[in-house]
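I opened my notebook to look through this one properly. Here is what I want to check, entry by entry.

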Amino acid sequence: MPPLRCRSPDHSREATEYPAEHIVGVRVLRHMCRMRRALQHAMPVSRLDAIDIRILAALQDDASLTNVDLARRVGLSPSPCLARVRALEESEVILRRVTLLDPVKLGASVSVFIQVTLEKQTEPVLEAFEAAMASFPEVMECYLMTGDSDYLLRVVVSDTVALQHFIVGRLSKTRGVANIRSSFALKQVKYKTALPINDLIDRK
């Protein structure tokens with residue numbers, strides 16, 4: 001099989017609707033191209049040693065650690081520890097550091113998973129939908145899917161009235177949306193942000 005080549009969309013051409021039997025492959029190829037471009041600047045997993053893994057695990061557990069505390073935890077002196085962290089940041093293994101908040105204590109007590117089907121899957125429609133989702137603060141996660149629906153969203157709102165306003169006033173008016181199906185989360189059984197680093201590295 002010849003190698004797949006990524007090419008930027010030609011916006012001067014009229015949008016083409018892909019045949020239904022090919023749309024899954026088109027979606028996957030499109031996102032593989034994006035991932036390939038991103039990974040070109042990432043640190044190869046083979047270059048991560050045991051100390052790097054300990055640094056990543058410690059920062060995933062507590063990103064507020066000072067460099068001195070982090071160095072002590074991973075068994076380094078502060079200067080080489082700081083150099084390693086900066087290298088991990090520059091290679092985008094560490095994307096950013098954030099503070100996790102309790103949504104319920106802040107009034108965001110309703111978590112909803114929404115399946116969205118588009119009228120057609122042309123490149124401009126897909127890009128317009130993804131741009132809209134990126135701009136909606138209620139949308140915590142958005143995934144391009146295979147299967148019956150095109151996208152899966154995780155939305156957090158304060159109550160059902162806010163959810164109605166979001167679906168009717170924003171989501172349904174987004175370009176290309178044909179069908180919306182929502183499911184309420186009754187209980188959060190598990191939620192984590194830390195990747196299983198040791199398992200991922202061991203399988204390489």
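I started with pLDDT, the predictor's confidence in each residue, from 0 to 100. The protein chain has a mean pLDDT of 84, and 76% of its residues reach 70 or more.

A note to self on ground rules: this is a predicted model, where local features need pLDDT of at least 70, side-chain atom pairs count only at pLDDT 80 or more, and totals for chains, interfaces and linings use all residues. Residues are numbered from 1 along each chain as its sequence is written, and side-chain values use heavy atoms, with hydrogens and water left out.

Next I looked up the confidence by element (helices, H or I, at least four residues, and strands, E, at least two, are DSSP runs numbered from the N terminus). Confidence is highest in strand 3 (residues 151-157), at a mean of 98, and lowest in helix 1 (residues 23-39), at 52.

Then I went for the largest nonpolar core, meaning buried Ala, Val, Leu, Ile, Met, Phe, Trp, Tyr and Cys residues joined through side-chain atoms within 4.5 Å. Buried is under 20% relative accessible area, with a 1.4 Å probe and protein chains only. This core has 21 residues, and Ile-114, Val-116, Phe-129 and Leu-153 have the most contacts inside it. Strand 1 (110-118), helix 5 (123-135), strand 3 and helix 6 each give two or more residues to it. Apart from it I found another core of 16 residues, including Ile-55 and Cys-81.

Last, I checked Thr-174, which sits in the loop between helix 6 (160-171) and strand 4 (177-184). Thr-174 counts as buried because its relative accessibility is 9%.

Terms used. Buried means under 20% relative accessible area, exposed over 50%, partly exposed in between (1.4 Å probe, protein chains only).
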